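These are my notebook entries on one protein chain, written while I looked things up in its structure. I wanted to go from single residues to the whole fold, taking one topic at a time.

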Amino acid sequence: MIRTFSREEIRRVAAILAEAADAEILPRFRHLAADAVRAKSSPQDLVTDADEAAERFIGERLGRLYPGAVILGEEACSRNPALLNVWIDAELAFVIDPIDGTRNYVAGLPLFGVMVGVVSRGEIVAGVIYDPMGRDWAMALRGEGAWLEDAQGWQTPLAVAAPVPVEEMVGLIATQHLEPPLRGIVHRNMARLALANTLYCSAHEYRMIAGGHAHVLLYGQIMPWDHVAGWLLHHEAGGYCAHFDGSPYKPTHRSGGLLYAPDAGSWKVARQALLEEAAPEARAPEA
């Protein structure tokens, strides 16, 4: 049986994220020593003392609030990938990304976020994305919608953009984890959109697309901490998402890419525009 999650509960989680940011993330921002930043799988895949400290803070607080829940943190899984197998059938699991946008954080750019997704029996039931610089949260509950909420309790409903022709679409396209030849195809095809870019931060990309400020979102890598909270945010804001082959996303999936759009029709148009190789122009016959 899937465990439901309430607004009171998601606000408790949201408060923990803010506390972690105040205690561990913001004091280190633009004050990181050289030995406080390390590479993981590649020179572009970074972890900092702030990531690890914030993950411990959030995990400990959630563990006290929900004894027996599975706590799945990005940095813990990086050290021990076997942890990815222990949460699949859990009655309640919390998926933590302590600093999403670590490259921006290390560079001193104020474009990073803290994310927690809540999963029960393999289904996403809640998600929250905190912006430590803006000091507000994007929240979603399964079947109850998505909204922005600030520290004073002011709420703004989130809704995806209206469908538009492909040449008017704004895309947030992360190609760094796409394998050739698909990566080259997407690079060539991005010019079909009105605008295509990446923020190097899925936390803010999800907030943008769920708020109607972009139409298309594409990811090649789909580790759960990067997408569980954001997927629900977009879904509850009225959007449509599927793997590149059209199959539905589950939080336990680790491959297949993800493509987001305002609705199923827009998704099909965006998929054709971005993922399919353009036919070569017919040559004019020689005189």
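**Entry 1: a cut-off, and one threonine.** Before I could call any residue buried, I needed the cut-off: buried means under 20% relative accessible area, exposed means over 50%, and partly exposed covers what is in between. I also noted that the model is predicted. I then looked up T102, which lies in helix α4, residues 102-106. Its relative accessibility is 10%, so T102 counts as buried. Leaving out residues up to four places away in sequence, I found that T102 touches L46, V47, T48 and D51.

**Entry 2: helix α2.** Two of those residues led me on to helix α2, which runs over residues 49-65. I noted that its 17 residues reach 24 Å from the first C-alpha to the last, close to the 24 Å expected at 1.5 Å a residue. At the N-terminal end of α2, T48 acts as a cap, with a side-chain oxygen 3.1 Å from the backbone nitrogen of A50. Which residues of α2 are buried? I listed A50, D51, A53, A54, E55, F57, I58, G59 and L62. Beside this list I wrote a reminder that an α-helix has 3.6 residues a turn, so residues three or four places apart point the same way.

**Entry 3: the nonpolar cores.** In soluble globular proteins, nonpolar side chains tend to be buried together. With that in mind I looked up the largest nonpolar core, which holds 40 residues, and found that W87, I129, L233 and Y260 touch the most other members. Helix α7, residues 224-236, gives the largest share of this core, six residues. Apart from it lies another core, of 35 residues, and A18, F57, L92 and V116 are among them. I had already met F57 as one of the buried residues of α2.

I went back to Y260 to see what surrounds it, setting aside its neighbours within four places in sequence. Its contacts include Y206, I209, V216, L217 and Y219, and also W231, H234 and W267.

**Entry 4: a buried aspartate.** Is D136, in strand β7 (residues 136-141), buried or exposed? Its relative accessibility is 18%, so by the cut-off D136 counts as buried. I looked for a partner for its side chain and found a polar contact with the side chain of R207, at 2.8 Å. Not counting residues up to four places away in sequence, D136 touches I129, Y130, D131, E149, D150 and R207. I129 in this list is also one of the residues that touch the most other members of the largest core.

**Entry 5: salt bridges.** Side chains of opposite charge can pair when their charged atoms come close. How many salt bridges are there? The count comes to 18, and I followed several of them.

I began with E144 and R7, whose closest N and O atoms are 3.7 Å apart. This pair links distant parts of the chain, since E144 sits in the loop between β7 and β8 while R7 is in helix α1, 137 residues apart. E144 counts as partly exposed because its relative accessibility is 42%, and R7 is partly exposed too, at 30%.

Next I looked up K250 and E123, where the closest N and O atoms are 2.8 Å apart. K250 lies in the loop between β13 and β14 and E123 in strand β6, so the pair ties together parts that are 127 residues apart in sequence. K250 is partly exposed at 32%, and E123 is partly exposed at 23%.

The side chains of D45 and K40 meet in a salt bridge at 4.0 Å, N to O. Finally, I noted that R38, D49, E52 and R79 are linked in a network of salt bridges.

**Entry 6: the whole chain.** I closed with the overall picture, which comes to eight helices and 14 strands. For 287 residues, a compact globule would have a radius of gyration near 19 Å, and the chain has 19 Å, which agrees. Along the principal axes, the C-alpha atoms fill a box of roughly 80 × 45 × 35 Å. Of the 287 residues, 51% count as buried. Among contacts between residues at least 6 apart in sequence, 64% join residues at least 24 apart.

Methods: Residues numbered from 1 in each chain as written. Predicted model: local features only at pLDDT ≥ 70, side-chain atom pairs only at ≥ 80, totals over all residues. Heavy atoms only, no water. Core = buried A, V, L, I, M, F, W, Y, C linked by side-chain atoms within 4.5 Å. Buried < 20%, exposed > 50% of the residue type's maximum accessible area, 1.4 Å probe, protein only. Helix = DSSP H or I, 4+ residues; strand = E, 2+ residues; numbered from the N terminus. Contact = heavy atoms within 4.5 Å. Expected span 1.5 Å × (residues − 1). Polar contact = N/O pair within 3.5 Å; in protein donor to acceptor, adjacent residues only side chain to side chain. Rg over C-alpha atoms; globule rule 2.2 N^0.38 Å.
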